[in-house]
Amino acid sequence: MIPRLMYKNSIKFMKILFLCNIPLDFLGDKWYIGLKLNYEVRLMDWMLEGLLQGTQFQKLYNRRIEVLREEYDLRKVDIDILYFLFKSGEHNTSKDISDLNLFNKGHISQSVGRMVKQKLIYIVQDQEDRRCMHIMLTEKALQIVEEITALRKQMYNIILKGVTEEERKVLLQVSRKVNENIKGALQNLDTGQEVIYAE
């Protein structure tokens, strides 16, 4: 038997991909992973599990953004959303943020409201679809985003230290394949099809 570990709502592996600038697709609200757990489990299995859960990465990331959070009275979700808006171009609505499946709708709404009051963002109605509201960055926010970008660059240098350019390409390729596998498994779950777990 292969125990199944189920992760709901918070897809930590997708957070890692987002924070590392790896392209993401909408993956629904839950995903499943099968792991063969026994006393002879290989070291790579535990290393993979650590990567998927992202515990160490999140700990490092949270420590690195503490200064920004204190200096600008921001929460982690605020910093992540500011960076997303900076990178997203015209895909800058609350739905676009929600579709990443990195934050729940309640946290997005609270963050947006908070940052509007801080004059970091403002809302613009779409000219073609009046129901659609775009979230725009202010000049004040752009100054913060510059610091966020610099911090992320430092993070990439830290976590990719000793990783060659060729290895980075392989990492990107593998990440995309894992992304597609998760997406396919979710589609199977949505359509009621049986999900087959590899041994």
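**Exercise 1. A strand residue in a surface patch**

In which strand is Ile123 found? Determine also how exposed Ile123 is, and which residues form a nonpolar patch with Ile123 on the surface.

*Solution.* The model is a predicted one, and each step below is to be read with that in mind.

Step 1. Ile123 is found in strand β3.

Step 2. The relative accessibility of Ile123 is 40%, and because buried means under 20% and exposed over 50%, Ile123 counts as partly exposed.

Step 3. On the surface, Ile123 joins Val116 and Met133 in a nonpolar patch, and the accessible area of these residues together is about 220 Å².

**Exercise 2. The overall architecture**

Work out how many helices and strands the protein has, in what pattern they follow along the sequence, and what percentage of the residues count as buried.

*Solution.* Step 1. The secondary structure comes to nine helices and four strands.

Step 2. Read along the sequence, these elements follow the pattern β-α-β-α-α-α-α-α-α-β-β-α-α.

Step 3. The protein has 199 residues, of which 37% count as buried.

**Exercise 3. Positive phi outside glycine**

Examine Asp73 and Lys119, describing for each the backbone angle phi, the place in the secondary structure and the exposure.

*Solution.* Step 1. Asp73 is not a glycine, yet its phi is positive, at about 55 degrees. Its place is in the loop between α4 (66-72) and α5 (76-88), and at 60% relative accessibility Asp73 counts as exposed.

Step 2. Lys119, likewise a residue other than glycine, has a positive phi near 60 degrees. This residue is found in the loop between α7 (105-117) and β3 (121-125), and with a relative accessibility of 63% Lys119 counts as exposed.

Step 3. The loop between α4 and α5 also holds Arg75, which is partly exposed, with a relative accessible area of 46%. Arg75 and Ile65 are 10 residues apart in sequence, while their C-alpha atoms are 9.4 Å apart in space.

**Exercise 4. Salt bridges and their surroundings**

State how many salt bridges the rule counts, then characterise the pairs Asp78 with Arg114, Lys95 with Asp99 and Asp129 with Arg131.

*Solution.* Step 1. The count comes to five salt bridges.

Step 2. In the pair formed by Asp78 and Arg114, the closest N and O atoms are 2.8 Å apart. Asp78 lies in helix α5 and Arg114 in helix α7, so this pair ties together parts that are 36 residues apart in sequence. Both Asp78 and Arg114 are buried.

Step 3. Lys95 and Asp99 meet through their side chains in a salt bridge with an N to O distance of 2.8 Å. Both residues lie in helix α6 (residues 94-99), where they are four residues apart, about one turn of the helix. Lys95 counts as exposed at 57% relative accessibility, whereas Asp99, at 23%, counts as partly exposed.

Step 4. For the salt bridge between Asp129 and Arg131, the closest N and O atoms are 3.2 Å apart. Asp129 is partly exposed, with a relative accessible area of 29%, whereas Arg131 counts as exposed at 74% relative accessibility.

Step 5. Salt bridges that share partners also join Lys76, Asp80 and Arg152 into one network.

**Exercise 5. Asp80, Arg152 and the ring of Tyr83**

Locate Asp80, decide whether Asp80 is buried or exposed, and then find where Arg152 lies with respect to Tyr83.

*Solution.* Step 1. The place of Asp80 is in helix α5.

Step 2. The relative accessibility of Asp80 is 3%; because the cut-off for buried is under 20%, Asp80 counts as buried.

Step 3. The side chains of Asp80 and Lys76 are joined by a polar contact of 2.9 Å, and Lys76 and Asp80 belong, with Arg152, to the network of salt bridges that share partners.

Step 4. Arg152 lies over the face of Tyr83, at 3.8 Å from the ring centre.

Step 5. As for pairs between aromatic rings, the count by the rule applied here comes to zero.

Notes: Residues are numbered from 1 along each chain as its sequence is written. This is a predicted model: local features need pLDDT of at least 70, side-chain atom pairs count only at pLDDT 80 or more; totals for chains, interfaces and linings use all residues. Side-chain values use heavy atoms; hydrogens and water are left out. Helices (H or I, at least four residues) and strands (E, at least two) are DSSP runs, numbered from the N terminus. Buried means under 20% relative accessible area, exposed over 50%, partly exposed in between (1.4 Å probe, protein chains only). Rings of Phe, Tyr and Trp (its six-membered ring) pair if their centres lie within 6.5 Å; planes under 30 degrees apart count as stacked, over 60 as edge-to-face and the rest as tilted. A charge sits over a ring if NZ of Lys or CZ of Arg is within 6 Å of the ring centre and within 35 degrees of the ring normal. A salt bridge is a side-chain nitrogen of Lys or Arg within 4 Å of a carboxyl oxygen of Asp or Glu. Patches are made of residues with over 30% relative accessible area and no salt bridge: like charges are joined within 9 Å, nonpolar side chains (Val, Leu, Ile, Met, Phe, Trp, Tyr) within 5 Å. Accessible areas come from the Shrake-Rupley method with a 1.4 Å probe; for residues, only the protein chains shown count as cover. A polar contact is a pair of N or O atoms within 3.5 Å; within protein, one must be able to donate a hydrogen and the other to accept it, and residues adjacent in sequence count only if both atoms are side-chain atoms.
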